[in-house]
Amino acid sequence: MHTHLCHHAEGLPKDLARRAVELGLSEIGVSEHNPMPNDDFDQWRMYLSKLEEYLAALDDARAAFPDLRIRSALEVDYLPGHEDWIRNLAGRHEWDYFIGSVHYIDGGWDIDNPGKLDQWRARDAYDVWSAYFERLTAAADSGLFEIIGHPDLPKKFRFMPNRDCVPLFERFLDVASARGVAIEINTAGLRKDCREMYPSLEFLKLASARGVGLTFGSDAHQPGEVGMNFVDAVALAKEAGYRDCLRFEKRRVRRVPLD
Ligand code: ZN
Ligand code: FE
């Protein structure tokens, strides 16, 4: 989940926490878009100078809602060559988990940016999907992340390849399985043009068959989105064969049954 600090979301951690308590959730995690060494990298992430404010805001939320467990996390863009920077961020706080996400493929294009649909129109969809999954597979192999975020993100605007993408999914999932990296069900996809969760049922079945761990995320960008569609998400996980999911504390994993 995100806060006002990334410039495209609303609310403080305590606003997210208030909504979580209303819903009866026992544990949440906030995973702001990670800072880059230079704040002008793009317009949709937390500034490095705001890291302390972020962590203090998480503590404020814990103080306001002491019965709710609130995990400190980041959603970290995986870019080749950024490994040392990601380790630098990891050393700045006792984080509970890092979600590794790919938004940028080659050429510095963030493929989920609604302002850059021209790039989708100019390129072959399969080429984009395969470049994305190549980078996502490297993210899983990097050892830097507990969870890989919204794994089939390229479907967001429905530029679907006319070639079978299952081999791309399988290569990624084989690496995730071997490296013990989880994926998330991210319900935000339901609120995008693709109108389905990330990832698809087909993808989840391949993941479950390989024993790839699972977490649940609303990817809330405002308090009203906390926990959205989680009942459906659990049903989807079960349909794909999952019987449990994972929780993280101080980057250590715990397995929790699905009901
Ligand atoms: Zn965001
Ligand atoms: Fe993301």
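## Zinc site

His 8 has 36% relative accessibility and therefore counts as partly exposed, since that class lies between the buried limit of under 20% and the exposed limit of over 50%. In this predicted model, His 8 is one of the residues that coordinate the zinc ion (ligand 1). The donor atoms are NE2 of His 8, NE2 of His 33 and NE2 of His 221, at 2.0 to 2.2 Å.

Along the sequence, the zinc donors follow the spacing H-x24-H-x187-H. His 8 sits in the segment before α1 (13-23), while His 221 belongs to the loop between β8 and α8; these two are 213 residues apart, and the pair links distant parts of the chain.

## Iron site

The iron ion (ligand 2) is coordinated at 2.1 to 2.3 Å by Glu 75 (OE), His 103 (NE2) and His 150 (NE2). The sequence spacing of these donors is E-x27-H-x46-H. Glu 75 lies in strand β2 (residues 69-77), and His 103 in the loop between β3 (97-101) and β4 (104-105), 28 residues apart.

Glu 75 counts as buried because its relative accessibility is 4%, under the 20% limit. His 103, at 2%, counts as buried as well. The separation between the iron ion (ligand 2) and the zinc ion (ligand 1) is 5.5 Å.

## Ser 218 and its surroundings

Ser 218 is placed in the loop between β8 (214-217) and α8 (230-239). This serine has 2% relative accessibility and so counts as buried.

Neighbours within four places in sequence aside, Ser 218 is in contact with Met 1, Asn 186, Thr 187, Ala 188 and Arg 191, and also with Glu 225, Val 226, Gly 227, Met 228 and Phe 230.

## Nonpolar cores

The largest nonpolar core holds 78 residues, and those that touch the most other members are Tyr 54, Phe 133, Phe 145, Phe 172, Ile 183 and Tyr 242. Helix α5 (residues 125-141) supplies the largest share of this core, with ten residues. Another core, of seven residues, lies apart from it; Tyr 97, Ile 147, Leu 246 and Phe 248 are among its members.

Not counting residues up to four places away in sequence, Tyr 242 touches Ile 183, Leu 204, Ala 207, Ser 208, Val 212, Gly 213, Leu 214, Ala 237 and Leu 258.

## Packing of α5 and α6

Two packed helices are described by the angle between their axes and the distance between the axes. For α5 and helix α6 (residues 166-179), the angle is about 5 degrees and the axes are 9 Å apart. Angles under 35 degrees count as roughly parallel, so α5 and α6 are roughly parallel to each other.

On the α5 side, the contact is made by Tyr 126, Trp 129, Ser 130, Phe 133, Glu 134, Leu 136, Thr 137, Ala 140 and Asp 141. On the α6 side, Leu 168, Phe 169, Arg 171, Phe 172, Val 175, Ala 176 and Arg 179 take part. By class, the residues of this contact comprise ten nonpolar, two polar and four charged. Phe 133 and Phe 172 belong to the contact and also appear in the list of core residues that touch the most other members.

## Helix α7

Helix α7 (residues 201-209) has Phe 203, Leu 204, Leu 206, Ala 207 and Ser 208 as its buried residues. The elements that cover them include α5, α6, β7 (182-186), β8 and α8. Of these buried residues, Leu 204, Ala 207 and Ser 208 are touched by Tyr 242. Just after α7, Gly 211 has a positive phi of about 75 degrees.

Methods: Residues numbered from 1 in each chain as written. Chains lettered and ligands numbered in written order. Predicted model: local features only at pLDDT ≥ 70, side-chain atom pairs only at ≥ 80, totals over all residues. Heavy atoms only, no water. Core = buried A, V, L, I, M, F, W, Y, C linked by side-chain atoms within 4.5 Å. Buried < 20%, exposed > 50% of the residue type's maximum accessible area, 1.4 Å probe, protein only. Helix = DSSP H or I, 4+ residues; strand = E, 2+ residues; numbered from the N terminus. Contact = heavy atoms within 4.5 Å. Donors = N, O, S within 2.8 Å, 3.2 Å for Na, K, Ca; no water. Axes fitted to C-alpha atoms, helices over the stretch in contact; angles between N-to-C directions. Parallel < 35°, antiparallel > 145°, perpendicular 65-115°, else oblique. Nonpolar A, V, L, I, M, F, W, Y, C, P; charged D, E, K, R; others polar.
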